[in-house]
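Here is a short note for a colleague who is new to this structure. Please read the points with the model open beside you.

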Amino acid sequence: MAKAIREVYGTVLAELGNDNENIVVLDADLSGSTKSAIFGKAHPDRFFNMGIAEQNMVATAAGMSTVGKIPFVNTFTVFLTSLGLISARDQICYANLNVKFGGAYCGMSDALDGASHHATEDIAIMRALPNMRVIVPSDANSTRWATKFAAETYGPFYLRLSRDVYPDLYAEDACFELGKGAVVREGSDLTVIACGIMVHKAIEAARLLEKKGVSVRVVDMYSIKPIDAELIVRCARETGAIVCAEEHNIFGGLGSAVAEVLAHNACGVPTEFVGIQDVFTESAPYGELLHKYGLDAEAVCAAAEKVLARK
C-alpha cells in the first residue's frame, strides 16, 4: 500500500533507535510534520526539539557527532538547506562529521504555504557540498533503505523527503546501492532519468507514449550524489536520447548532474529537462502546482517528443 514518505522515514528512525542507542534526533519545532515525533515518542531521552533555530540545531548535531552520537536533523527542506546551510558547510561537511539531514516537504509538497516553503533549489545546494551524499527516495521501500543506510554509513547524508504519498515502486526485497540508479522500465527509443515523484510521472508518460509506438526506458536516479555515471552513459548510447525529470529548478539539480556526466563522457545525445523553469512557485493544491509548472506525465511526453525530433 502506498505510504507517505515522511511517515515511513519517522517510523524507520524509531525502529533504528531500538537497536542503536547512539542515534539521536533533532527537530526545529516541526516534528509533527516531519514525523520525527515518532522517534521522539519511542525514545524521548534522545529526542531534542531545538525550536525555530535551524543553524543552532545543525551546529548542535555537529557537536553531538564528535562524541559518538549519530544525529538526524529534521525540518522542512527549504529551512534545513538555507538557514542550516552555514553549519552544514563549515562544521559538518568541512570536518566530514557523521550527521544526517532529513529534509521534509521537498519540492512543492508543502503546497499551500507557497514559495517561502517550497524547496526547489535544495539538490543544487546540497550536492555542491564536499563530503555530502544526496539521496532522493521514490517510494516507501527506497525511503526505508535510505534512512537505514544513512544511519549505518559514516559521514554527512541528505535525504530529500516529500510530504506526499508516493505509489509503491519497489518490492520489499529490492536492492539499492549508493551511487547507483535503477532501471524501473525498459525501453529503446529514449531514456527518462527521474527522481522522487517524477519517477512515477515518467512511468505514466512511458505508458502513454507506448500507445504511440514509442519505447521509453525509465531510470530512478535515487542516488544523486554520487551519481551512476556508468548507467547514464549506457542509457545515452543505447537509446540515443535523454529526458531528465525532477521536482526542482532546472538549474543545478538532477538534470545538471546528468548533463555533467554526458559532457564528461562525450555523449552528444539530444537532452531535454523537465523541471521548474527558474521561477518562484505559487500557493495552490499540490496536484495543481505539479501541472502548472510542467511536472506531470504530459510534460514528460512533450519533452520526449522534442528529443525524438532531434535524434
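1. A word on classes comes before the rest. Ala, Val, Leu, Ile, Met, Phe, Trp, Tyr, Cys and Pro count as nonpolar. Asp, Glu, Lys and Arg count as charged, and the others, Gly among them, as polar. Keep in mind that this is a predicted model.

2. Take the largest pocket with those classes in hand. How many residues of each class are in its lining? There are 3 nonpolar, 2 polar and 5 charged residues. The space in this pocket comes to about 240 Å³. Its lining is made of 10 residues, and Lys3, Ala140, Asn141, Arg144 and Glu172 are the closest to the centre. Helix 1 (5-19) and helix 8 (140-152) are the elements that give two or more residues to the lining.

3. Next, the sheets. Strands of a sheet pair through backbone hydrogen bonds, and the pairing can be parallel or antiparallel. One open sheet has 7 strands, in the order 3-2-4-5-7-6-12. Its pairing is mixed. Which strands are at the edges? They are strand 3 (47-49) and strand 12 (223-225), and each pairs on one side only. From one strand to the next, the twist averages 20 degrees.

4. Look at the strand 12 end of that sheet. Strand 12 pairs with strand 6 (residues 133-135) in the antiparallel sense, over 2 bridges. Ile135 has Ser223 of strand 12 as its bridge partner.

5. Another open sheet has 5 strands, ordered 9-11-10-13-14. The pairing here is mixed. Strand 9 (182-185) and strand 14 (271-276) are the edge strands, each pairing on one side only. Neighbouring strands of this sheet are turned by 25 degrees against each other on average, with direction ignored.

6. Inside the 5-strand sheet, check strand 10 (residues 190-194) and strand 13 (residues 242-249). These two run parallel and are joined by 4 bridges. Ala194 stands opposite Ala245 of strand 13.

7. Which helices lie across these strands? Helix 9 (residues 197-210) lies across strand 9, strand 10, strand 11 (216-220), strand 13 and strand 14. Helix 9 runs at about 170 degrees to strand 11. Helix 11 (residues 254-264) lies across strand 10, strand 13 and strand 14. Its angle to strand 13 is about 145 degrees.

Note on methods:
Residues are numbered from 1 along each chain as its sequence is written. This is a predicted model: local features need pLDDT of at least 70, side-chain atom pairs count only at pLDDT 80 or more; totals for chains, interfaces and linings use all residues. Side-chain values use heavy atoms; hydrogens and water are left out. Two strands pair if DSSP finds at least two bridges between them. Axes are lines fitted to C-alpha atoms, for helices over the stretch in contact, and angles run from 0 to 180 degrees between N-to-C directions. Contact means heavy atoms within 4.5 Å. On a 1 Å grid over the protein atoms alone, a cavity is a set of points where a 1.4 Å probe fits but cannot get out, and a pocket is an open set with protein on both sides within 12 Å along at least five of seven lines; lining residues have an atom within 4 Å of a point. Grid points are joined across faces, edges and corners, and a volume is the space filled by probe spheres set on the points.
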